[in-house]
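Student: Could we go through this one together? I'd like to start with a strand and see where that leads.

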Amino acid sequence: TGMYSRIRASLTDDNRSEPISHDTAEALYGESMMASVSRFESFNRCEFQHFSNYGLKLNVRQPFKVAPLDLGNLYHHVLEHVTRKLDFTFQHEDDHIASIIETAIDEEAAAIQHGIFNESFYNASLKRRAKDALERLIHFMRDIERLGEYKISRVEMSFGKEQDDLGEVRLTSNEGREIALRGKVDRIDAYDAGGHSYVNLIDYKSSTRSISRTGILNGLELQMITYMHVLTEKGSTLFDGEIKPNSMLFFPVRDPVLSLKEEKDPEDIIKEQNKQLKPDGAFINEHPSFNEYLDETSVGLSGLLSNLDDYTEYGEYYPITVSQKGRINARTKGRYFSPALFRHYADYVMELYRKVTDDIYSGANKVNPMATNDVLPCSFCDFKFACRVDYLLNARDIRENKMDDTEIEQFESEVTGDGDMDG
């Protein structure tokens, strides 16, 4: 009978989880939602992933080896350490930068996983590669700093607690649930002009990240929009003028690998390396035709590389492709927001936190991963053996990180030309 029961169950099992009760959800998550932005992104990526991690608090036994998270932590700690030691400017000689990086890496690496970077020759080689990657990135950022008006203003600026730089960020869900958001901004650069403080938010990543309208609306790319919104709402006393959002950028920390078919001059090699170090992200353009032109009315964007001769050279340092007359390449329009449109997306994200909180406390725990570019997050999920996701059984719940252009246009049409909301 045991074999028969198992066979029969296999014919009727749809591998769908049952929602937990409201009381159970409250027992697991607490009476109020205290969470990072990444937690909400996790729920939007897959409800069961969130339930396993933050509800059941499952722990996967990790092998004693250098994980991507360890490298990411090393990069972040060293970059903060180095930026402070260099007095918030990268305008220093190569030898001085290299010396400070080496000292910082040795100190920070020793504190990660009981000194795992010194446990083997291979791990030590990862530390050396990290040093090379950080040196190249700082040299690249030194060029950007030299060519523009922006200066490093803050590093590792937090919000979520009363004593944090940006204080508490509290919301109330539509069903009355208290939400306390927390986060930490890697770096803020500022440029004072016309009584305003234009700000760039910079986040360091060891993997590829970007900002897209589809990703924001589907709840997968909330971090930078949230951080910029919090900064503009709560950071006024930290800057000299009204805060104007200018850019949200992910700088990749990597050691560029080049494949050269012919011998090149050192200057050309550096240019090829810099192509792999260019940040990705989004820009807020004050020009009336914000996704078509850059000119002197684009005050914040013009300050990025003001010492260059024209906008066509911006592409060497930023994901900005513009003609000599300032016309934005049509293929890159999706990177640009007007100030009013940015606020509209920020308001949407804040409302999304309220909705997701109510969904979590309603007991949602569906196995519903959202694929991006046909790649499911399950490939990198610690809990795939708990949910036993099956591409056939769970096909009805698997989602795509896609959105029709008409849906995006309809959402953006709620913002009128003067920045007010329709209706």
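**Strands, helices and confidence**

Tutor: Let us begin with Glu156, which lies in strand β2, residues 151-159. Bear in mind throughout that this is a predicted model.

Student: What is the phi of Glu156?

Tutor: Phi of Glu156 is near 50°, a positive value in a residue other than glycine. Most residues other than glycine have a negative phi.

Student: And is Glu156 buried or exposed?

Tutor: Glu156 counts as buried, because its relative accessibility is 16% and the cut-off for buried is under 20%.

Student: Which residue in the loop between α5 and α6 has a positive phi although it is not a glycine?

Tutor: That is Phe88, with a positive phi of about 60°, and it is found in the loop between α5 and α6. Phe88 has a relative accessibility of 27%, so it counts as partly exposed.

Student: Moving on to α6 itself, how many residues does it have, and how far does it reach?

Tutor: Helix α6, residues 94-110, has 17 residues and reaches 24 Å from its first C-alpha to its last, which is close to the 24 Å expected at 1.5 Å a residue.

Student: Which residues of α6 are buried?

Tutor: The buried residues of α6 are Ile97, Ala98, Ile100, Ile101, Ala104, Ile105, Glu108 and Ala109. They cover an arc of only 165° around the axis, and therefore sit on the same side of α6.

Student: What do the buried residues of α6 pack against?

Tutor: They pack against two helices, α5 (68-85) and α7 (121-147).

Student: Back to strands, then. How many residues of β6 are buried?

Tutor: In strand β6, residues 242-252, 9 of the 11 residues are buried, so that the strand is mostly covered.

Student: Which strands does β6 pair with, and in what sense?

Tutor: With strand β5 (residues 196-205), β6 pairs in the parallel sense over 10 bridges, while with strand β7 (residues 280-284) β6 pairs in the antiparallel sense over 4 bridges.

Student: Where does Met248 come in?

Tutor: Met248 of β6 stands opposite Leu201, and Met248 also stands opposite Ala282 in β7.

Student: Different topic: what about Thr226, buried or exposed?

Tutor: Thr226, which is found in helix α9 (residues 223-234), counts as buried because its relative accessibility is 0%. A polar atom of the Thr226 side chain lies 2.7 Å from the backbone oxygen of Leu222.

Student: Which residues is Thr226 in contact with, leaving aside its neighbours within four places in sequence?

Tutor: On that basis, Thr226 is in contact with Val37, Leu181, Val349, Met350 and Tyr353.

Student: Same question for Asp397: which contacts does it have beyond those neighbours?

Tutor: Leaving aside neighbours within four places in sequence, Asp397 is in contact with Arg16, Lys366, Val367, Asn368 and Pro369. Asp397 is found in the loop between α13 (384-387) and β10 (399-400), and it counts as buried because its relative accessibility is 8%.

Student: Last thing, what pLDDT does the protein average, and which element has the lowest mean?

Tutor: The protein averages a pLDDT of 91, and 96% of the residues score at least 70. Among the elements, helix α1 (residues 2-12) has the lowest mean pLDDT, 66, and helix α12 (residues 339-361) the highest, 98.

Student: And where does pLDDT stay under 50?

Tutor: It stays under 50 over residues 418-423, for which the model has 10 contacts beyond four places in sequence.

Definitions and conventions
Residues are numbered from 1 along each chain as its sequence is written. This is a predicted model: local features need pLDDT of at least 70, side-chain atom pairs count only at pLDDT 80 or more; totals for chains, interfaces and linings use all residues. Side-chain values use heavy atoms; hydrogens and water are left out. The expected span of a helix is 1.5 Å times one less than its number of residues. Buried means under 20% relative accessible area, exposed over 50%, partly exposed in between (1.4 Å probe, protein chains only). The arc is that of the directions from the helix axis to the C-beta atoms. Contact means heavy atoms within 4.5 Å. A polar contact is a pair of N or O atoms within 3.5 Å; within protein, one must be able to donate a hydrogen and the other to accept it, and residues adjacent in sequence count only if both atoms are side-chain atoms. pLDDT is the predictor's confidence in each residue, from 0 to 100. Two strands pair if DSSP finds at least two bridges between them.
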